[in-house]
Amino acid sequence: MMLTRPSWTLGTFVLWEREQDTRFEFDGTGPVAVNGGSLRHTRIALSMATALDKRLDFGRFEVVRGDARIIVNGHLRYPDVVVFNHTDHMDADIVHSPIVVVEVLSRSTRRVDQYDKNVDYAATPSIQHYVMLSQTRRYAVVCSRGPDGWSAREMNGDEPITLEAVQAVIPFDEIYRRITFGDGFL
Amino acid sequence: MIASAVVAKIHNQLDHERFAVCSNVVKLHAGGRVHVPDIVVFRPSADLDADAASNPVVVVEIVSPATHIRDRFEKNVDYATLDGIRQYLMIWEREETAVLCTRTGDGWLSEDVGSSGRIALAAIGVELKLGDLYPHIPGSDRT
């Protein structure tokens with residue numbers, strides 16, 4: 001949903017969004033409603049969040065599934081899963097320096113996840129890894145910040161996802177537990 | 001094949017007073033890497049010897065199975081760091097699909113080239129039709 005209003009800035013959007021009963025992202029032009037995902041989408045996101053949570057240093061890192069606002073590249077996003085430094089955000093309403101971001105792709109959001117958000121996440125220096133998870137097969141694209149810039153890697157499920165910045169190695173079996181793959185895009 | 005069709009269609013519509021198009025020669029330094037895009041539309045400078053890479057406005061990549069990760073997730077990001085690039089067009093080699101990214105302030109706003117098949121390269125005043133870019137095999141029932 002796109003609302004028309006003279007001109008939105010990140011500042012006016014953040015104040016406006018707090019007053020709303022439902023969630024919106026800000027993509028630089030205006031508010032975009034955040035819709036709830038399918039059961040399959042929720043399962044994958046929860047499994048990923050759980051897998052991260054049980055591996056990460058509890059004192060340093062916090063894993064949030066779906067409810068964290070992050071500000072990236074002048075835009076506001078609600079990632080499916082985000083990892084950030086807990087002590088930096090004790091009383092935070094908005095996560096300003098996320099470290100790992102995960103999106104579970106769905107038919108309606110995958111284009112924005114792959115192209116628009118990837119640019120936002122790459123432009124945010126604190127973000128070290130961006131994981132895009134397919135819902136239709138054991139498949140991920142993992143982008144990582146390295147000495148050569150932002151590099152992307154395609155993963156087909158035969159080896160685990162390694163997130164060096166938080167020292168986590170996550171097997172695909174854990175991410176896709178309880179998921180069966182039939183035909184068609186669910 | 002697709003790349004030359006794209007160059008031809010752009011060339012036919014381009015305002016040659018303001019823009020020039022070239023294929024596979026321009027080196028763009030972006031995001032800490034050097035890329036040679038399939039197609040670049042740029043503003044020629046008065047100095048004919050100046051590097052065409054200094055004023056890119058629109059970049060096009062033909063996405064193949066071998067290049068799709070780089071085109072979609074790395075070049076997409078690197079081109080976004082060059083403010084002069086107003087639009088980045090990805091055209092799939094093996095299926096009639098394209099995604100157009102247009103700069104909005106700090107980032108890209110992407111759009112699928114929908115059923116109309118029209119690709120509006122507003123930054124250079126050019127419109128492409130997706131169906132015109134692919135080879136049509138005589139006798140096939142493709143429309």
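Modeller: Helices (H or I, at least four residues) and strands (E, at least two) are DSSP runs, numbered from the N terminus. By that definition, chain A has 4 helices and 13 strands. This is a predicted model: local features need pLDDT of at least 70, side-chain atom pairs count only at pLDDT 80 or more, and totals for chains, interfaces and linings use all residues. Residues are numbered from 1 along each chain as its sequence is written, chains are lettered from A and ligands numbered from 1 in the order written, and side-chain values use heavy atoms, without hydrogens and water.

Colleague: What makes chain A as compact as a globular protein of its length?

Modeller: Take the radius of gyration over C-alpha atoms, and set it against the globule rule, 2.2 Å times the number of residues to the power 0.38. For 186 residues the rule gives 16 Å, and chain A has 16 Å, so chain A is as compact as a globular protein of that length. Its C-alpha atoms fill a box of roughly 50 × 40 × 30 Å along the principal axes.

Colleague: Why is A:C143 called buried?

Modeller: Buried means under 20% relative accessible area, exposed over 50%, partly exposed in between (1.4 Å probe, protein chains only). A:C143 has 0% relative accessibility, so A:C143 counts as buried. B:C22, at 15%, is buried because of the cut-off too. In chain A, 50% of the 186 residues count as buried.

Colleague: How many disulfides are there over all chains?

Modeller: A disulfide needs a pair of cysteine sulfur atoms within 2.5 Å. The count comes to 0 over all chains. For A:C143, the nearest cysteine sulfur is that of B:C101, 14 Å away.

Colleague: Which residues touch the most other members of the largest nonpolar core?

Modeller: A nonpolar core is a set of buried Ala, Val, Leu, Ile, Met, Phe, Trp, Tyr and Cys residues joined through side-chain atoms within 4.5 Å. This core has 40 residues, and A:Y121, A:V141, A:C143, A:W150, B:M90 and B:W108 touch the most other members. Helix α2 (residues 68-80) of chain B gives the largest share, 5 residues. A second, separate core of 29 residues includes A:I44 and A:L52.

Colleague: How do you know that the span of helix α1 of chain B agrees with its length?

Modeller: The expected span is 1.5 Å times one less than the number of residues. For the 12 residues of α1 (residues 2-13) that is 16 Å; the end C-alpha atoms are 17 Å apart, which agrees.

Colleague: Which residues of α1(B) are buried?

Modeller: B:I2, B:A3, B:A5, B:V6 and B:I10. They cover an arc of only 160° around the axis, which puts them on the same side of α1(B). That arc is of the directions from the helix axis to the C-beta atoms.
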